[in-house]
Each structure stands twice: as C-alpha cells, then as structure tokens.
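Biologist: I would like to learn how to read a structure like this one, feature by feature. Could you take me through it?

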Amino acid sequence: MDGSTDPQSEWQPSRKDHIGGGILMVRRWPIYILLDCSESTSPESREQITSAFSILLSRLKSDPYALELVYLSVISFGSNARIELPLTGLVDFERPELAKLGTGRVLGEALALVTDTAKEE
C-alpha cells in the first residue's frame, strides 16, 4: 500500500433520510466558506479572495471524489452576516456575486450562522 488513504473509506454521513422504512445514508463533505465583504476590505484583498476562490473551485472540480461528495455554502459578513448560497453540490455550484455589506465585521455572527446552518442541514 502506498500510504495514501481512500476518502471513501473514511466518510461519515452528514444526514439521514428515512425512505420507505429504511434509512438512506447521504455521503457528503460540507464546506462552509466565510467571506469578509465589509467596506473596509481593500480592492486588492477582494481580488485575492476572488482569485483564491477560483483556484479552490478549479481544484475541487478536477477531483472525481470531490465532484461526488463536496457540497459548498458561501456565507458573507460585514455589518451583518448572510447566506449567499446554501449548501450546494459541487457539480451545481456557481460562485455568487458578492456585494459590500457595510462597515464593521461581525465574524462571531457569521460563525454562529455557520453553526446553526450546519445543524439544520
């Protein structure tokens, strides 16, 4: 064995759906991306965020395991936190356009939103 691990051998189901008396295990790896969209974010930082996001998506979409298992959600924050895109399969994922969300940074509110959202999904 080459020492690498097979991602499918270590998966943990994130949701159980009851179907016809049985249980369907849904395999997915949820990834919640928090983006600072406050007005204090410089244009250079916004460009870096956009570039990093594009690289992340490109790499994930080139991985067959990721295409099958990864689900992405985008949460932005500034003066408030909001879900820009709910948990979406990588195959159907399209990067949302992000607007500036006022002054201030409510990172704690954004983290609470991730926690609450993850519990529901």
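Modeller: We will go from the overall fold to a core, a helix, and then a few single residues. Please keep in mind that this is a predicted model.

Biologist: Happy to. Which order do the elements of the protein run in, from the N terminus on?

Modeller: The order is β-β-β-α-α-β-β-α, which comprises three helices and five strands. Of the contacts in the protein with a separation of 6 or more, 58% are between residues 24 or more positions apart.

Biologist: And what share of the residues counts as buried?

Modeller: Of the 121 residues, 30% do. The protein exposes about 7700 Å², and carbon and sulfur atoms supply 52% of that area.

Biologist: How should I go about reading a core?

Modeller: The general idea is that nonpolar side chains tend to be buried together in soluble globular proteins. Here, the largest nonpolar core has 13 residues, and Phe53, Leu72, Leu90 and Phe93 touch the most other members. Strand S3 (29–36), helix H1 (43–61) and strand S4 (70–77) each supply at least two residues of this core. There is also a second, separate core of seven residues, including Tyr32, Ile75, Ala81 and Val114.

Biologist: Which residues does phenylalanine 93 touch, not counting residues up to four places away in sequence?

Modeller: Its partners are Phe53, Leu57, Lys61, Leu72, Val74, Leu85 and Thr88.

Biologist: Let's turn to a helix. What should I look for?

Modeller: An α-helix has 3.6 residues a turn, so residues three or four places apart point the same way. Try this on H3, residues 107–120: its 14 residues reach 20 Å from the first C-alpha to the last, close to the 20 Å expected at 1.5 Å a residue. Ala110, Val114 and Thr117 are buried in this helix. Seen down the axis of H3, the buried residues fall within an arc of 75 degrees, so they line one face of the helix.

Biologist: What do the buried residues of H3 pack against, and which residues are exposed on the other side?

Modeller: The buried residues of H3 pack against S3, S4 and strand S5 (81–89). On the other side of H3, the exposed residues are Gly108, Lys119 and Glu120.

Biologist: S4 has come up more than once. Is serine 73, in strand S4, buried or exposed?

Modeller: Serine 73 counts as buried because its relative accessibility is 0%, and the cut-off for buried is under 20%. Leaving aside neighbours within four places in sequence, serine 73 is in contact with Ile31, Tyr32, Ile33, Ile83, Leu85, Pro86 and Leu87.

Biologist: What about a residue in a loop?

Modeller: Take threonine 41, in the loop between S3 and H1. Threonine 41 is buried too, with a relative accessible area of 8%. Beyond residues up to four places away in sequence, threonine 41 touches Asp36, Arg46, Ile49 and Arg105.

Biologist: How far apart are threonine 41 and threonine 103 in sequence and in space?

Modeller: They are 62 residues apart in sequence and 9.4 Å apart in space, C-alpha to C-alpha.

Biologist: Finally, how do I read charged pairs?

Modeller: Side chains of opposite charge can pair when their charged atoms come close. The structure holds one salt bridge. Glutamate 84 forms a salt bridge with arginine 82, and the closest N and O atoms are 2.7 Å apart. Arginine 82 is partly exposed, at a relative accessible area of 35%.

Notes
Residues numbered from 1 in each chain as written. Predicted model: local features only at pLDDT ≥ 70, side-chain atom pairs only at ≥ 80, totals over all residues. Heavy atoms only, no water. Core = buried A, V, L, I, M, F, W, Y, C linked by side-chain atoms within 4.5 Å. Buried < 20%, exposed > 50% of the residue type's maximum accessible area, 1.4 Å probe, protein only. Helix = DSSP H or I, 4+ residues; strand = E, 2+ residues; numbered from the N terminus. Contact = heavy atoms within 4.5 Å. Expected span 1.5 Å × (residues − 1). Arc of directions from axis to C-beta. Areas by Shrake-Rupley, 256 points an atom, 1.4 Å probe, with all protein chains shown as cover. Salt bridge = Lys/Arg side-chain N within 4 Å of Asp/Glu carboxyl O.
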